[in-house]
Amino acid sequence: MNHARHLVLAVLLLALARGAAAQYPAKPIRLIVPFPAGESVDATARLVGQSWSAALGQQIVVDNRGGAGGTIGTEAVAKSAPDGYTLLWGNVGPLAIGPGLYKKLGYDVARDFEPVSLVATLPFVLFASPMLPANSLIELLAYARAHPGELNFGSTGVGSGLHLIAELFKSEAGIEIVHVPYKGVAQALPELMSGKVQFAFNTIPAFLPHVKAGRLKALVITATLRSPLLPDVPTTPEVGLPGVIGASWHAVVAPAGTPRGIVSRLNETLVATIAAPELRTQLLNQGAQPVGSAPEDLRTFMRVEAEKWARVIQSSGARAD
């Protein structure tokens with residue numbers, strides 16, 4: 001009798017869960033972006049969120065929670081109710097770099113999140129000062145080897161993706177270069193253009209206008225495919241550095257325990273949104289490679305990324321302030 005009662009209860013709970021998923025979403029969804037408004041991560045989140053809300057038939061409200069390299073907003077989502085109404089616009093920083101960089105994090109990526117989909121990847125490009133006497137990566141490497149410790153590279157801070165991709169480049173190329181951390185791109189850019197730092201990695205959109213205007217040189221892209229925005233810039237494998245692959249990326253994750261039906265609905269609508277020709281074109285024009293993935297593929301991707309950046313953090317000795 002007791003067994004039968006448990007069975008009836010289990011069936012009822014399953015029916016309720018399915019009912020909730022079928023009615024989902026019944027109210028606006030909060031999409032937490034763990035970076036300040038106006039940054040490129042925020043701009044991409046709002047662009048995708050607008051189209052995705054149309055597919056879901058419900059408003060998506062972007063909520064910016066910046067600070068501590070994206071970990072504050074990420075932790076807020078980890079501790080939110082798993083009902084599908086609070087989602088995270090995840091990023092390489094808090095989801096793949098943070099776990100290896102910070103001794104204490106208020107979340108565990110594998111335990112506290114339900115992956116929804118990888119949205120897009122943005123490979124890094126090595127941008128050089130016009131003052132640098134090198135017009136190709138081969139020339140830059142030759143110069144660096146002839147002048148060990150004399151070349152400076154800028155980044156947006158210790159442990160940032162832009163710092164770690166340069167550390168990976170440094171170790172794979174076997175060169176001695178000096179890190180100069182800045183508080184942000186706005187501080188680093190004038191120093192790069194004036195030659196106070198000789199090069200810096202960044203995603204394409206940030207520096208593309210300056211390349212076109214001749215104020216910066218783009219020497220290599222850390223990807224296996226060239227970018228249509230910089231078709232003449234070779235990939236790292238093309239110049240003999242196949243180990244220097246890295247990108248910033250965007251993904252959507254939900255709090256752990258979010259019902260499977262809701263995750264499926266979010267995944268199907270988001271993947272369809274990313275595949276729409278107009279949005280694909282807009283993302284490509286921003287230097288992003290649209291993806292759209294199954295939840296389990298995103299889970300694997302995040303684990304592999306975390307392992308890779310943990311190795312770079314360990315070998316470079318990078319530590320969060």
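## Strands that pair up

Two strands count as paired if DSSP finds at least two bridges between them. Keep that in mind as you look at this model, which is predicted. Take leucine 88, which stands opposite valine 253 in strand β9. The two strands involved, β3 and β9 (residues 247-255), pair in the antiparallel sense, with four bridges between them.

Leucine 88 has a partner in another strand too: isoleucine 32 is bridged to leucine 88 in β3. Here the strands are β1 (residues 29-33) and β3, and they run parallel, joined by three bridges.

## A closer look at β3

How many of the six residues of strand β3 are buried? Six of the six, covering residues 86-91, so the strand is largely enclosed by the rest of the structure.

In a regular strand, side chains alternate between the two faces of the sheet. You can follow this in β3: Thr86, Leu88 and Gly90 point one way, while Leu87, Trp89 and Asn91 point the other way. Whichever way they point, these residues are all buried.

## β4, β8 and a buried serine

Strand β8 (residues 217-221) tells a similar story. Five of its five residues are buried, so β8 is largely enclosed by the rest of the structure. Its pairing with strand β4 (residues 113-128) is antiparallel and uses four bridges. Within that pairing, leucine 126 has valine 220 of β8 as its bridge partner.

Now find serine 117, which also sits in β4. Is serine 117 buried or exposed? Its relative accessibility is 0%, and buried means under 20%, so serine 117 counts as buried. Setting aside neighbours within four places in sequence, serine 117 is in contact with Ala251, Val252, Asn267, Leu270, Val271, Ile274, Gly292, Ser293 and Leu298. Another residue to compare it with is glutamate 268: the two are 151 residues apart along the chain, yet their C-alpha atoms are separated by 9.1 Å.

## Helices that pack together

Two packed helices are described by the angle between their axes and the distance between the axes. Try it on α4 (residues 92-101) and α12 (residues 295-316): the angle is about 45° and the axes are 8 Å apart. That makes α4 oblique to α12. The way α4 passes α12 is a right-handed crossing. On the α4 side, the contact is made by Val92, Leu95, Ala96, Ile97, Gly100 and Leu101, and on the α12 side by Met302, Glu305, Ala306, Trp309 and Ile313. Sorted by class, this contact has nine nonpolar residues, one polar and one charged.

The second pair is α10 (residues 260-275) with α11 (residues 277-285). Their packing angle is about 70°, and their axes are 5 Å apart. That makes α10 roughly perpendicular to α11. Thr273, Ile274 and Ala275 of α10 make the contact with Pro277, Leu279 and Arg280 of α11. These residues divide into four nonpolar, one polar and one charged.

## Two spots in the loops

Which two residues are joined by a cis peptide bond? They are tyrosine 24 and proline 25, with omega at about -5°. You'll find proline 25 in the loop between α1 (2-23) and β1.

Alanine 68 is worth a look as well. Although it is not a glycine, alanine 68 has a positive phi of about 55°. Its home is the loop between β2 (60-64) and α3 (71-78). With 41% relative accessibility, alanine 68 counts as partly exposed.

How values were computed
Residues numbered from 1 in each chain as written. Predicted model: local features only at pLDDT ≥ 70, side-chain atom pairs only at ≥ 80, totals over all residues. Heavy atoms only, no water. Buried < 20%, exposed > 50% of the residue type's maximum accessible area, 1.4 Å probe, protein only. Axes fitted to C-alpha atoms, helices over the stretch in contact; angles between N-to-C directions. Parallel < 35°, antiparallel > 145°, perpendicular 65-115°, else oblique. Left-handed = near helix turned anticlockwise from the far one by under 90°. Contact = heavy atoms within 4.5 Å. Nonpolar A, V, L, I, M, F, W, Y, C, P; charged D, E, K, R; others polar.
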